[in-house]
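Trainee: Before we talk, could you put the model up and then take my questions in order?

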2 protein chains.
Amino acid sequence: MNDVIFETVVTTVALDGKPHIAPMGVRYRGDQVVLMPFRPSTTYDNIWGTNCAVLNIVTDTRVFAGCVTGRRDWPTQPAEKISGVRLTCALSHVELRLAEQIDDGQRPVLHMMRVHEVVHSSFAGFNRAQAAVIEGAVLVSRLRMLPPEKVDSEMAYLQIAIDKTAGPHEREAWGWLLEAVQRHRASAAHVIKGPSP
Amino acid sequence: MNDVIFETVVTTVALDGKPHIAPMGVRYRGDQVVLMPFRPSTTYDNIWGTNCAVLNIVTDTRVFAGCVTGRRDWPTQPAEKISGVRLTCALSHVELRLAEQIDDGQRPVLHMMRVHEVVHSSFAGFNRAQAAVIEGAVLVSRLRMLPPEKVDSEMAYLQIAIDKTAGPHEREAWGWLLEAVQRHRASAAHVIKGPSP
């Protein structure tokens, strides 16, 4: 597939009703939304259990930065037509039902049917700081795989858009990402030094 | 002002009806939209002449990349309530009338009143390639001020998101930006060498 990938947040519920919030890159294919959750993952298990998921279109980047820095508890409210929840901060949400599971590997391809769609507020336009938080969240989610110099130089580049175009939400999200990089460095230093002999 | 800046496209018309299309970072202040066009500029002159402008919320990044690479001719249609045009590809547009001009320097601050607002289609979510095109367009608009190594390293970084998440529109826009960098280098080399003695 060579379609555009959109960075969204997928919400699902377990069979006991416990909600799960996961940032996810999704594709649109005609009328369907294509999800590729890893297996195993809570999102995959929940869709397997309920056949349902909610696609949340979100511009509050604190959700993306929060989910990669241990802040997974965002306000939700019940979906309207399916078993599930949607993010309260979503600009719009689409309630989805599983139509077809195409691949059986480690990343199954789930074709989801649109059951119900609600627009809550309108998109205000591109913001470079929001894009920088998304890129920073990608970097933070890969800290263990990336050389520190690469992380530093890319964070420094992204910082420019934060300084020039961010509002309070983007600054808060960016702060969480910077903290996560520091924390990772501190724990990596600890591992390298190791315990005294 | 320390508000979020949103990257949008402002359309205006001259007194003779000729449309003008300009990417512009704007701020929202309560119910008003704050524009800061340079003076002199066609956008400023047109707003001075007509008191009107249209704010276009656009995710087709070809408009942004096009306007910084000499492709300023995008399809428009008449505004509904004011003298002006809106971009046909706009996700939504807001028809604006000048309420107050606060500053008289080289960048006057224009507080614009919302007269009419129409949503044409819904926002599909963040796309990292679209954000990369926006950043690339900022770089290309500053080619004369930036060292070539900085442009190269930032374009190389942005290329990653293009390769991973772009669709045909984003690839086309990105191609225009790469061409513009090449063209600038070729003409800079010409200037440095100068004519044969």
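The exchange below covers symmetry, the barrel and the cavity.

Mentor: This is a predicted model, in which local features need pLDDT of at least 70 and side-chain atom pairs count only at pLDDT 80 or more, while totals for chains, interfaces and linings use all residues. Residues are numbered from 1 along each chain as its sequence is written, chains are lettered from A and ligands numbered from 1 in the order in which they are written, and side-chain values use heavy atoms, with hydrogens and water left out.

Trainee: By what turn can chain A be laid on chain B?

Mentor: Superposing by least squares on the C-alpha atoms of residues with pLDDT of at least 70 in both copies, chain A fits chain B with an RMSD of 0.0 Å and a shift of 0.0 Å along the axis. The two copies are thus related as by a two-fold rotation axis. The same surface serves both, since 100% of the contact residues of chain A (contact means heavy atoms within 4.5 Å) recur in chain B. The turn is 180 degrees.

Trainee: In what order do the strands of the closed barrel of chain B run?

Mentor: Strands here are DSSP runs (E, at least two residues; helices are H or I, at least four), numbered from the N terminus, and two strands pair if DSSP finds at least two bridges between them. In chain B, β1 and β2 pair in the antiparallel sense over eight bridges, and three bridges join β2(B) to β3(B), also antiparallel. Strand β1 (residues 6-13) of chain B pairs with β4 (residues 52-57) of chain B over three bridges, again antiparallel. The six strands of the barrel run β1-β2-β3-β8-β7-β4.

Trainee: Which residue in β4(B) is the bridge partner of B:Thr11?

Mentor: On the β2(B) side, B:Thr8 has B:Met24 as its bridge partner. In β4(B), the bridge partner of B:Thr11 is B:Val54.

Trainee: Which element gives the most residues to the lining of the largest cavity?

Mentor: On a 1 Å grid over the protein atoms alone, a cavity is a set of points where a 1.4 Å probe fits but cannot get out, and lining residues have an atom within 4 Å of a point. The largest cavity has a volume of about 130 Å³, and among the 13 residues that line this cavity, those closest to its centre include A:Phe126 and B:Asn127. Two or more lining residues come from α3 (128-141) of chain A and from α3 (128-141) of chain B. The most, five residues, come from α3(B).

Definitions and conventions:
On a 1 Å grid over the protein atoms alone, a cavity is a set of points where a 1.4 Å probe fits but cannot get out, and a pocket is an open set with protein on both sides within 12 Å along at least five of seven lines; lining residues have an atom within 4 Å of a point. Grid points are joined across faces, edges and corners, and a volume is the space filled by probe spheres set on the points.
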